[in-house]
Structure formats: C-alpha cells, structure tokens
Amino acid sequence: MPDLSLKLPNLTAEISWSWRMRDSIDDIFGGRESGEVREVKVGVSVAQINSKKNVEGPQRKLEKLLSQSGNKICADCGSPDPKWVSLSHGVFICIKCSGVHRSLGVHISKVLSIKLDEWTDEQVNDFIDLGGNTIANKKYEACIPDEYRKPTPDASIDERSEFIRRKYEHLQFLGTDEQIICTQRPRRTSSAHTSSSQEKQEKKQYDKQATRHRIGNAFRNSWGRKDSEYKNSKKNTSMAAMVEFIGLIKVNVVRGTNLAVRDVVTSDPYVILALGHQSVRTRVIKNNLNPVWNESLMLSIPEHIPPLKLLVYDKDTFTTDDFMGEAEIDIQPLVAAAKAYETSTITEPMQLGKWVASKDNTLLKDGVITLVDGIVKQDISLRLQNVERGVLEIELECVPLTQ
C-alpha cells in the first residue's frame with residue numbers, strides 16, 4: 001500500500017489541522033496522472049462467494065419488499081430509491097428523513113440501512129410483517145388535514161422535522177385499523193418559530209453543562225423507562241432534528257482495555273457515543289474490565305461538524321451509573337477524505353493521512369486514515385480521560401449521502 005501519510009509532529013489544534021488535511025487530501029486526489037495504470041482485482045474466493053450467499057438470504061426478502069410500488073419512494077417525503085428503513089414503523093425512508101428519525105431516538109424510531117447494516121432473518125421477517133409504506137401511511141397519515149402539505153423531496157430539514165415528529169412521535173395523524181376516526185383535525189403550526197426563543201435559552205443551559213453530565217444523564221438508568229419519561233427531553237430532540245445532515249459516520253466500538261474498577265473488583269461497562277445532540281449506546285458487558293463489544297453504531301453528521309464524544313459508564317441496577325472515563329475525536333479530517341474520494345477515480349488501497357500520536361493528545365498510536373475497498377476508514381486507540389486508567393479502541397467509517 002503506498003504511504004502518502006501527512007507528518008504532523010507538532011499537532012496542537014485538531015480543528016485547524018483538519019483544514020490543512022483537507023487541502024492535502026485534495027492534492028493527493030488531484031495529483032494523479034489520468035493515464036496512470038491502476039491494478040484492478042478481479043479474483044473472487046470461494047469464501048467470499050459463500051459469504052455473499054449467506055448475506056443474500058435476508059437481502060433478497062428486503063429487495064422483494066422494496067420492489068413494491070409504494071416502497072420505491074420515501075414514506076415521508078416521496079424521494080425516489082430510499083436506502084434506509086424505520087424498523088419500528090415498517091417504512092422505507094431516504095437518508096435525509098433517516099437523519100430526523102435517528103434524532104428522535106430508538107425508543108421512537110430505530111433506523112437501519114438496507115445495504116450497510118447486517119440484517120438478521122428475524123429482523124427482516126418482523127419488518128415485512130409491518131407491511132411497508134402503503135400500509136404504514138394508511139395508519140400514520142389517516143388524519144392529515146386537507147390544508148396540510150406533506151414534505152416533498154426538496155423540503156427543508158425544518159419541514160421534514162415538523163412532519164416526522166407529528167407523524168410518529170405525537171401521532172397526530174393516526175388512524176385505527178378497524179375504523180379511521182379523527183376527533184380533532186390538527187392545523188399546521190409553526191412551532192419551530194413560536195418557541196425558538198425558549199429553545200435557544202434551553203440550548204444555552206444545555207451547552208453549559210459538563211459533557212459527561214449532559215450526555216450521560218440522558219442514558220444512565222434508562223433501561224426500563226416508560227415512554228412518558230422521555231417527555232422532558234423533547235425540546236432537545238426538536239433542536240437536534242432541525243439540523244441539516246451531510247452524511248453518516250459508522251462507529252465500531254471494538255474493545256476496552258484495563259478499564260477502571262467500579263464494582264468492588266470489576267465493572268459492567270457500556271459506551272455512549274455522542275455527536276452534537278445525538279447519542280447512542282452499546283450493550284452492557286457484565287463483569288469485565290477488558291470488554292470486547294465489536295458493536296457498530298451509526299450517527300448522522302451535521303453540516304457544522306462537532307467532535308465525536310465517547311463516554312464509558314458502569315451499569316448499576318439500583319444506583320446511578322458510575323463514570324469510567326471519556327474521550328473526544330475530531331472527525332473533520334475523515335469526512336474531508338471521504339468527500340474527496342467521492343469525486344475521485346482512485347481504486348487502489350492507499351493511506352490518506354494520520355492523526356499523529358503525541359503528548360498533546362490521548363492517542364496510544366497514530367490514527368491512520370486509509371482507503372480500502374472503496375471505504376474511507378480510521379482506526380483509533382485512545383487513553384480515557386478524567387479517570388485513573390483505561391483504553392478504548394474504535395474504528396470509524398464515513399458514509400456519504402450517496403449511499
């Protein structure tokens with residue numbers, strides 16, 4: 001693999017480096033001669049063929065359902081060729097609407113990619129049982145007022161957010177299977193404007209909190225919550241839903257090493273990932289200071305890219321979950337590399353750059369950005385901060401809007 005890494009020994013400001021990195025990536029992608037010969041791999045192993053056959057079981061079922069006329073467009077805005085689904089509601093949706101769904105939380109809408117996520121037969125069968133876009137829209141859009149305009153493919157993020165929240169979270173357009181009864185026909189409101197000053201004030205108070213408090217409190221002791229207990233976070237959810245997304249980042253939480261003890265001699269760790277106002281979490285691994293999650297989680301990338309925050313907690317049943325460390329990653333260089341690759345003709349694997357480990361950051365080793373099989377990735381090993389010990393290993397993959 002050609003080594004085209006960028007040496008940055010004096011890295012002190014991650015964000016300023018990201019813009020230098022972007023210029024360097026442009027040079028890398030733009031500096032190749034058009035006549036340069038590239039190696040094309042055509043061999044396919046038996047293992048790859050068998051693996052493909054195994055994947056095609058649930059994929060074929062999805063493709064059959066996707067071929068139905070009502071499923072060829074996004075259930076919420078009508079965009080053609082949707083590549084995402086809400087597993088909770090049985091609908092196919094576009095990537096822009098999927099960002100709004102994801103910001104509502106998995107307790108309202110669990111989002112999966114048709115191609116990027118690994119589906120189980122059980123997930124596919126449960127999704128098929130919900131019936132697809134036509135059946136779902138007959139239920140969730142039964143009582144849309146005549147004067148209300150459903151979002152179109154070119155709708156703004158505010159329009160999508162208002163409609164999707166009213167449709168799935170507040171259930172304002174809901175009908176029943178036996179008989180559609182609309183006791184109250186809601187009128188369209190501009191709630192985003194009428195409560196904007198209040199939301200700005202809440203956002204200021206939210207941002208003033210320490211990272212681990214404002215993110216961790218949203219998740220700790222949330223197992224077993226009732227849906228009604230999420231009402232207090234609706235305003236923050238609303239703010240998150242009104243952000244324009246430029247892509248997605250797939251985070252594979254690989255493992256933790258030598259984590260802190262919080263339960264006498266061991267811990268029950270889990271990891272929270274946060275990007276802006278979005279948060280997702282891994283499963284809990286019981287009684288393990290060296291847990292192996294190998295769990296992939298997806299977050300939407302806002303137009304103004306914030307750092308990716310990682311927080312580790314020890315799960316407690318009867319008391320508040322214990323803090324086990326945190327870390328922060330600037331993902332702008334990875335996003336810049338992915339954007340540059342989208343407009344390039346490069347096919348061979350290569351190293352695009354690296355986040356150099358130094359005393360000014362928490363890296364155990366260089367965080368290398370690579371292009372492999374058409375995917376821009378970065379492997380990172382971090383020492384956890386504000387805790388006595390612990391290391392976290394993750395793999396990042398940038399997913400462009402075209403997927």
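Okay, let's start with alanine 274: its bridge partner in strand S6 is serine 279. That bridge belongs to the pairing of strand S5, residues 269-275, with S6, which runs in the antiparallel sense over four bridges. Keep in mind that what you have on screen is a predicted model.

Now zoom out a little from that pair. S5 and S6 sit in an open sheet of four strands, and the order across it is S6-S5-S8-S9, with antiparallel pairing. Who stands at the edges? Strand S6, residues 278-281, and strand S9, residues 322-329, each with a single partner strand, so one side of each has no neighbour in the sheet. On average, neighbouring strands here are turned by 20° against each other, if you ignore direction. And a quick reminder for anyone new to sheets: strands pair through backbone hydrogen bonds, either parallel or antiparallel.

Let's back up along the chain to strand S4, residues 245-257. Ten of its 13 residues are buried, so S4 is largely enclosed by the rest of the structure. S4 pairs with strand S7, residues 292-302, in the antiparallel sense, over nine bridges. If you want a spot to click on, try arginine 255, which stands opposite valine 292 in S7.

Between S4 and S5 there's a loop, and aspartate 268 is found in it. Is aspartate 268 buried or exposed? Its relative accessible area is 9%, so it's buried. What does it touch? Leaving out residues up to four places away in sequence, aspartate 268 touches Asp263, Val284, Ile285, Lys286, Asn287, Tyr313, Asp314 and Lys315. You can also look across to leucine 289: it's 21 residues from aspartate 268 in sequence, and the two C-alpha atoms are 7.9 Å apart in space.

Next, the cores. The largest nonpolar core has 42 residues, and the ones touching the most other members are Ile249, Leu273, Leu308, Leu310, Ile329, Ile331 and Leu396. Take leucine 308 as an example. Setting aside neighbours within four places in sequence, leucine 308 is in contact with Val251, Ala274, Leu275, Leu299, Ala327, Glu328, Ile329, Ile331 and Leu396. Yes, that's the Ala274 we opened with, the one bridged to serine 279. There's also a second, separate core of 26 residues, and it includes Trp84, Ile108, Ile144 and Val399. As background, nonpolar side chains in soluble globular proteins tend to be buried together.

Trp84 is a good way into the other sheet I want to show. Tryptophan 84 has isoleucine 93 in S2 as its bridge partner. Strand S1, residues 84-86, and S2 pair in the antiparallel sense over three bridges. They're part of an open sheet of three strands, ordered S2-S1-S3, again with antiparallel pairing. The edge strands are S2, residues 91-93, and S3, residues 111-113, each pairing on one side only. Neighbouring strands in this one are turned by 35° against each other on average, direction ignored. One more thing about tryptophan 84: the charged end of arginine 102 sits over its ring, 5.4 Å from the centre.

While we're on rings, how many aromatic pairs does the structure hold? Eight. The one I'd pull up is tryptophan 119 with phenylalanine 127, which is edge-to-face, at 5.9 Å centre to centre with 70° between the planes. Both partners are tucked in: tryptophan 119 counts as buried because its relative accessibility is 9%, and phenylalanine 127 counts as buried because its value is 1%. Ring pairs link these two with Phe92 into a cluster.

Now a helix. H6 covers residues 157-169, and eleven of those 13 residues are buried, so the rest of the structure largely encloses it. The buried ones include charged-looking names you might not expect to hear in a list like this, so here are a few: among them are Arg160, Glu162, Arg165, Arg166 and Lys167. Ile157, Phe163, Ile164 and Tyr168 are also buried in H6. After H6 comes leucine 171, whose phi is positive, near 55°.

Last, the overall picture. The protein has eleven helices and 13 strands. Of its 403 residues, 48% are buried. And looking at contacts between residues at least 6 apart in sequence, 67% join residues at least 24 apart.

Methods: Residues are numbered from 1 along each chain as its sequence is written. This is a predicted model: local features need pLDDT of at least 70, side-chain atom pairs count only at pLDDT 80 or more; totals for chains, interfaces and linings use all residues. Side-chain values use heavy atoms; hydrogens and water are left out. Two strands pair if DSSP finds at least two bridges between them. Helices (H or I, at least four residues) and strands (E, at least two) are DSSP runs, numbered from the N terminus. Axes are lines fitted to C-alpha atoms, for helices over the stretch in contact, and angles run from 0 to 180 degrees between N-to-C directions. Buried means under 20% relative accessible area, exposed over 50%, partly exposed in between (1.4 Å probe, protein chains only). A nonpolar core is a set of buried Ala, Val, Leu, Ile, Met, Phe, Trp, Tyr and Cys residues joined through side-chain atoms within 4.5 Å. Contact means heavy atoms within 4.5 Å. Rings of Phe, Tyr and Trp (its six-membered ring) pair if their centres lie within 6.5 Å; planes under 30 degrees apart count as stacked, over 60 as edge-to-face and the rest as tilted. A charge sits over a ring if NZ of Lys or CZ of Arg is within 6 Å of the ring centre and within 35 degrees of the ring normal.
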